[in-house]
Amino acid sequence: MRATVEYYVLLFFISSVLGWLMEVCCKLVQFGRFINRGFLIGPYCPIYGFGAVLVTALLSRYAADPAVVFVLAMVVCGTLEYLTSYLMEKLFHARWWDYSHKPFNINGRVCAGTLIPFGLLGLCMIYGVKPFLFGLFAGLSFRTLDALCAGLCLLLAADTVVSATVLSKIRKTADLSGEDDTEALTRSVREALARQGALVRRALAAFPSARLYSGRLLGELKQKRAQLKADLKRRELAFRMEAETREQAVRKELNELRRQRREAKKH
């Protein structure tokens with residue numbers, strides 16, 4: 001049991017590094033320059049590590065059916081990407097990536113263009129990476145496994161604290177901005193932080209397409225939504241009352257017509 005947990009810890013870090021390398025290569029092709037991708041400072045993207053661990057732990061039982069592995073890998077990794085986008089946006093008031101302009105997207109957080117590669121990576125993980133890496137890990141002593149896992153976990157914890165502090169600084173700058181729209185605010189924050197420390201500049205450069213928000217704007221939008229909802233509710237109530245009043249008037253008029261007809265028949 002202990003060895004299995006440490007295998008997954010090492011799988012997490014190796015997959016995080018491989019994911020970072022893939023992201024860097026993709027951005028090198030897209031922008032023609034090196035971009036240190038990811039929220040963390042080090043050369044790793046934990047979202048790929050978590051994806052690899054989840055796929056390996058949950059889908060190894062379906063290894064006899066590649067089609068099932070492919071589909072479930074898309075579901076698992078797509079859900080992870082969606083939740084990561086949502087949580088990072090809520091925590092740091094920024095949409096770090098947006099697929100709204102791409103077909104078959106879900107709220108701009110995931111799209112078919114990422115889900116299909118996730119399915120392919122899931123196949124690679126189950127049929128190639130996992131057997132190869134777990135075979136290598138089996139040749140390591142418990143002392144080596146303990147040292148590697150402890151050192152890597154400490155490194156990740158320290159990196160997470162520093163990176164969260166940097167992202168909080170970006171959020172604070174956005175919250176203090178006087179701009180009233182997302183595009184102007186994003187441009188203003190990038191210009192304001194361009195002369196800050198290397199870690200701040202790195203975080204902004206890692207996501208060149210990120211859109212920033214401010215707490216003030218979000219608060220105003222929330223207040224406007226609440227006011228609009230209240231106005232709609234009042235209008236709906238007024239409409240219902242008016243409809244009921246008119247219905248009662250029509251019924252009263254019909255009853256009066258029926259009464260007049262009855263009177264006319266009597267005479």
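The exercises below, each with a worked solution, concern helix 2, the packing of helix 3 on helix 4, and arginine 109.

The model is predicted, so that local features need pLDDT of at least 70 and side-chain atom pairs count only at pLDDT 80 or more, while totals for chains, interfaces and linings use all residues. Residues are numbered from 1 along each chain as its sequence is written, and side-chain values use heavy atoms, with hydrogens and water left out.

**Exercise 1.** Compare the span of helix 2 (residues 46–59) with the span expected at 1.5 Å a residue.

Solution. Helices are DSSP runs (H or I, at least four residues), numbered from the N terminus. The expected span is 1.5 Å times one less than the number of residues, so the 14 residues of helix 2 should span 20 Å, and the 19 Å between its end C-alpha atoms agrees.

**Exercise 2.** Describe how helix 3 (residues 66–92) and helix 4 (residues 112–138) pack.

Solution. Their axes (lines fitted to C-alpha atoms over the stretch in contact, with angles from 0 to 180 degrees between N-to-C directions) lie 7 Å apart at an angle of about 120 degrees. Helix 3 is therefore oblique to helix 4, since angles under 35 degrees count as roughly parallel, over 145 as roughly antiparallel, 65 to 115 as roughly perpendicular and the rest as oblique.

**Exercise 3.** Is arginine 109 buried or exposed?

Solution. Buried means under 20% relative accessible area, exposed over 50%, and partly exposed in between (1.4 Å probe, protein chains only); at 8% relative accessibility, arginine 109 therefore counts as buried. Arginine 109 lies in the loop between strand 2 (105–106) and strand 3 (110–111), strands being DSSP runs (E, at least two). Leaving aside neighbours within four places in sequence, its contacts (heavy atoms within 4.5 Å) include Glu81, Glu89 and Trp97.

**Exercise 4.** Which residues of helix 2 are buried?

Solution. Pro46, Tyr48, Gly49, Gly51, Ala52, Val55, Thr56 and Leu59 are buried in helix 2.
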